[in-house]
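Student: Please take a close look at a single helix and its surroundings. One connected answer will do.

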Amino acid sequence: MNKLIKNSFFNVIYTFLNLAFPLVTSMYVSRVLLPAGVGMVSYAQTTVSYFVVFASSGMSVYALREFSKAREDRERRNKVFTELFIINSITTFIACVIYSTMVLSVESFRNELFLYFASGLLIVFQFINIDWMYQGLEHYGYITARSFFIKLASLVCVILFVNTKEDYAVYALISSMAIGGNNIFNIINARKYIRLSKKGLSLKPHIAPMFFVVMTSYLADIYSKVDITMLGIITTNEKVGYYSYAHKIIDIITMLCIAVSTVLMPRLSLLYETDREKFDKIVNIGIKVILFIELPVFSGVLILAPQAIEAVFGAAFIPASVTVRILSAMILIKPLANLLCYQLMICTGNEKKRLPAFIAAVVINIGLNSFMIPLWQHNGAAIASVISELVVNVIQIFVIIKIVKIKFINKTVFKSLAATALMTLVIVFIPSFFDNVYLQFFVTAAAGAVLYILTSLILKNELIFMLLNSIKQKLSK
């Protein structure tokens, strides 16, 4: 359990770095490129993301599970790594060819050739994307340190080279190179842990299970990105900019909440085959921790959305504040869904059962976007996204509760709800005491965090004491 807590700590820091640096970068870029420039880059990167998902072939999911199972046997580990690396190289090559052909064939893409090829480097760097190996080995300390230095370098480059609204393609290039830098370091460092194997390789056993993971990943990417694609077609670059940056704030928050439980997947994959009782125990602790974190965060975002948008991205993005409030429902849905509908479905070998849910979500999302974007533009896209996210996860939860013993209601959850309710009643009035938007945002957020923690201590929430005991043990060593 101590190792899991340590890994969670490192993964939270890693996720924070992955999100904080882009957020700081966005604070600068939003004021230089303005909504139109931001929208152009977001649209290009969304287009590229469809090809990245195909190139990755579900590696982040399937490869993590398979490599985690083989990590204790050096020879088997090398064999599994080599097979997966070869598959990834083949699919990445195909994706590069198709993307290049598309860019050169479509006039609107040819007119922005540098932007689309700069963004398209993300596909090329997929050749050497082996993050799943380090996650499978649970080397979260290395991942965190590497991410910090790459993100810092990319932030410096953005400040140096993105100075006018015409530099949007340069920004896209720097963003791609930042991800590429992570992958380059991964390959160089990999020699310590892995060797390419030449004996007994067989790609065939991976094809069938990977097919369902790839299809699910691809459908998930479509239903989560089709909103930006359709906004770009139906509305303007400014609306895409509002929506993409509203989504950016929500994504940062949800990913931080998810980071606490993401490290469980390698351990859960192992325990599902060896110790079902401990497996169920860890799952239910994960649920408590996620709810403890996401409940107060959801409340805070709902209250502080206008101040957050203006403070982070500037007054030009204020129309996105309603969008943030609509998308805040994702904070309640996504972290729990990551554990229950993603990690559990994968590590229990039920990835095939995810496919119908994502097919339904894609159909619903495209249908809702077609109706709502013409009516409410970026806010309509937000409503469609929330409904689609809810549908895809409710369908999966009905499947997983038949496989895993899950307890949604318990004393710890009620204590978290009570602390959140008290915090909300207090902080809703705080912004009115300040005229400055930065004071409204930071003072209210800080007061809310302190009040929530103090209330949780008074209510004797077990999660607070579990965290304090863990910190105490670390300090005493």
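Tutor: Here is a look at helix H16, a residue beside it and the nonpolar cores. This is a predicted model: local features need pLDDT of at least 70, side-chain atom pairs count only at pLDDT 80 or more, and totals for chains, interfaces and linings use all residues. Numbering runs from 1 along each chain as its sequence is written, and side-chain values use heavy atoms, without hydrogens or water.

Helix H16 covers residues 411-427. Helices here are DSSP runs (H or I, at least four residues), numbered from the N terminus. At 1.5 Å a residue, its 17 residues should span 24 Å, and the end C-alpha atoms lie 25 Å apart, which agrees. That expected span is 1.5 Å times one less than the number of residues.

Buried residues (under 20% relative accessible area; exposed is over 50%, partly exposed in between; 1.4 Å probe, protein chains only) of H16 include Thr412, Val413, Ser416 and Met423. The buried residues of H16 fall within an arc of 125 degrees seen down the axis, so they line one face. The arc is taken from the directions from helix axis to C-beta atoms. On the other side of H16, Lys411, Phe414 and Leu425 are exposed.

Now Glu462. It sits in helix H18 (residues 462-476). Glu462 counts as partly exposed because its relative accessibility is 35%. Not counting residues up to four places away in sequence, Glu462 touches Lys288 and Thr412; contact means heavy atoms within 4.5 Å. Glu462 and Lys411 are 51 residues apart in sequence, but 9.4 Å apart C-alpha to C-alpha.

Notes:
Helices (H or I, at least four residues) and strands (E, at least two) are DSSP runs, numbered from the N terminus.
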